[in-house]
Amino acid sequence: MESGEVNPQLLSATINTLFGGGKGLLAMDESTPTCDKRFAAVGIPQTAEARRAYRELIITTPGLGRYIGGAILFDETIRQTTKEGVPFPKFLADAGIVPGIKVDEGTNDLAGHPGERITAGLDGLRERLLEYSNLGARFAKWRSVITIGDGIPTRGCLDANAQDLARYAALCQEVGLVPIVEPEILMDGDHTIELCAEVTGEMLFTVFSEIYQEGVDLEGMILKPNMVLPGLSCPIRNSIDEVADITAETLLRVVPAAVPAIAFLSGGQSGELACSHLNAMNLKFRERLPWVLSFSFARAIQHPALEIWAGEDTQVSAAQNALFHRAHCSQAARCGDYTTDMETTK
Ligand code: 5MM
């Protein structure tokens, strides 16, 4: 193959491994500031060694590969090793979990658009992707952040973020990495679920327009969207079925059937709620979904484990049990087999 040519078989093989057997993804790609914020909230020291120890706890959870097909790492994490000196990507691969990498460099204010953000990281990305590939990554992730508020999002913000997502995806495919395209509509605000559906649909339409224009192979990418939810301070709270219906219908209108998999972010929902929503979509829309509908949760899988661990060596095993349980529930939801009884019969 010539340089720059996409290898669709390689991309498809990676995607099949990520989602085969009803599995989904574990996002453990918190940047250092985000990880430190989560540590500070439960009183864990914010050091590189504590971050390493926490990520080791996660990836050495016995049997995690039964439910998790791929784990998204952060730049610091992909270079770290277990206590015994095994590089994290190798440990994951040996456990049957495909290593992936977050390649965006966070968000900045979007010039000329007060209150809106643009994701950084395209400069030098081709070279970084090659390095990550050499470190063992087989897929990548880039997150754009869209806020709903007074007069926002603007068309300029949607266009700029969608174009960067598409350019990132094309660069990934060129080096054989499967791109996860993550346009996140934040839950912050008092907007209704209907407004979230409108903005989510508009952003996804814009993203796929750019993806067509950039020549991205639809069969060789993964979409990581938000679920369609009311804003956190919206007084109207919607039922599980309402969220499932409006989310699935929004996606059915705009996501091409050629895309093999959709893996939701949890966005700050509890593990139980995120699983209930995902499960309802897989149950109610089983006959209509052209794509795998799975998960790429961070907080909805990790949060209970982080609280139990709290930086204490003696708590590692209990924390791993909690992580394993959330991974199991997420996998059940991805198959439409989750019930809240699973939460009481651990
Ligand atoms: C939205 O965040 C992604 C999914 O996490 P949740 O399931 O908790 O919503 C997550 O992969 C995120 O992109 C990473 O944690 C990196 O976040 P930062 O803010 O550190 O770039």
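A nonpolar core here is a set of buried Ala, Val, Leu, Ile, Met, Phe, Trp, Tyr and Cys residues joined through side-chain atoms within 4.5 Å. In this predicted model, the largest such core has 110 residues. Around that, there's an eight-stranded parallel barrel to look at, plus a pocket of about 700 Å³ and a couple of cavities.

**Barrel**
- Eight strands close up into the barrel, and going round you meet them as β1-β2-β3-β6-β7-β8-β9-β10, with parallel pairing.
- Take β3 (residues 98-102) and β6 (residues 139-146): these two run parallel and are held together by three bridges.
- One residue to click on in β3 is Lys-102, whose bridge partner in β6 is Lys-141.
- Helix α10 (residues 271-284) packs on the sheet, where it touches both β9 (261-264) and β10 (292-297). The directions of α10 and β10 make an angle of about 170°.

**Core**
- Tyr-168 and Val-255 have the most contacts inside the largest nonpolar core.
- As a general backdrop, nonpolar side chains in soluble globular proteins tend to be buried together.
- Skipping neighbours within four places in sequence, Tyr-168 is in contact with Val-103, Leu-122, Leu-125, Ala-140, Lys-141, Trp-142, Pro-179, Ile-180 and Val-181. So Lys-141, the bridge partner of Lys-102, turns up again on the contact list of Tyr-168.

**A buried threonine**
- Thr-247 sits in helix α9 (residues 240-254).
- Thr-247 counts as buried because its relative accessibility is 0%, and the cut-off for buried is under 20%.
- Again leaving out neighbours within four places in sequence, Thr-247 is in contact with Met-227, Val-228, Phe-264 and Met-281.

**Largest pocket**
- The volume of the largest pocket comes to about 700 Å³. Its lining has 30 residues, and the ones closest to the centre are Thr-34, Arg-38, Arg-143, Glu-184 and Arg-299.
- At least two lining residues come from each of α2 (32-41), β6, β7 (178-185) and β10.

**Cavities**
- Two cavities reach 30 Å³ or more, and the largest holds about 80 Å³ of space.
- The largest cavity is lined by Glu-30, Cys-35, Arg-38, Phe-39, Tyr-54, Arg-299, Gln-302, His-303 and Leu-306. Two or more of those come from α2, and likewise from α11 (299-309).
- Helix α11 gives the most to that lining, with four residues.
- If you're comparing the two spaces, Arg-38 and Arg-299 line the largest cavity and are also among the residues closest to the centre of the largest pocket.

Definitions and conventions:
Residues are numbered from 1 along each chain as its sequence is written. This is a predicted model: local features need pLDDT of at least 70, side-chain atom pairs count only at pLDDT 80 or more; totals for chains, interfaces and linings use all residues. Side-chain values use heavy atoms; hydrogens and water are left out. Two strands pair if DSSP finds at least two bridges between them. Contact means heavy atoms within 4.5 Å. Axes are lines fitted to C-alpha atoms, for helices over the stretch in contact, and angles run from 0 to 180 degrees between N-to-C directions. Buried means under 20% relative accessible area, exposed over 50%, partly exposed in between (1.4 Å probe, protein chains only). On a 1 Å grid over the protein atoms alone, a cavity is a set of points where a 1.4 Å probe fits but cannot get out, and a pocket is an open set with protein on both sides within 12 Å along at least five of seven lines; lining residues have an atom within 4 Å of a point. Grid points are joined across faces, edges and corners, and a volume is the space filled by probe spheres set on the points.
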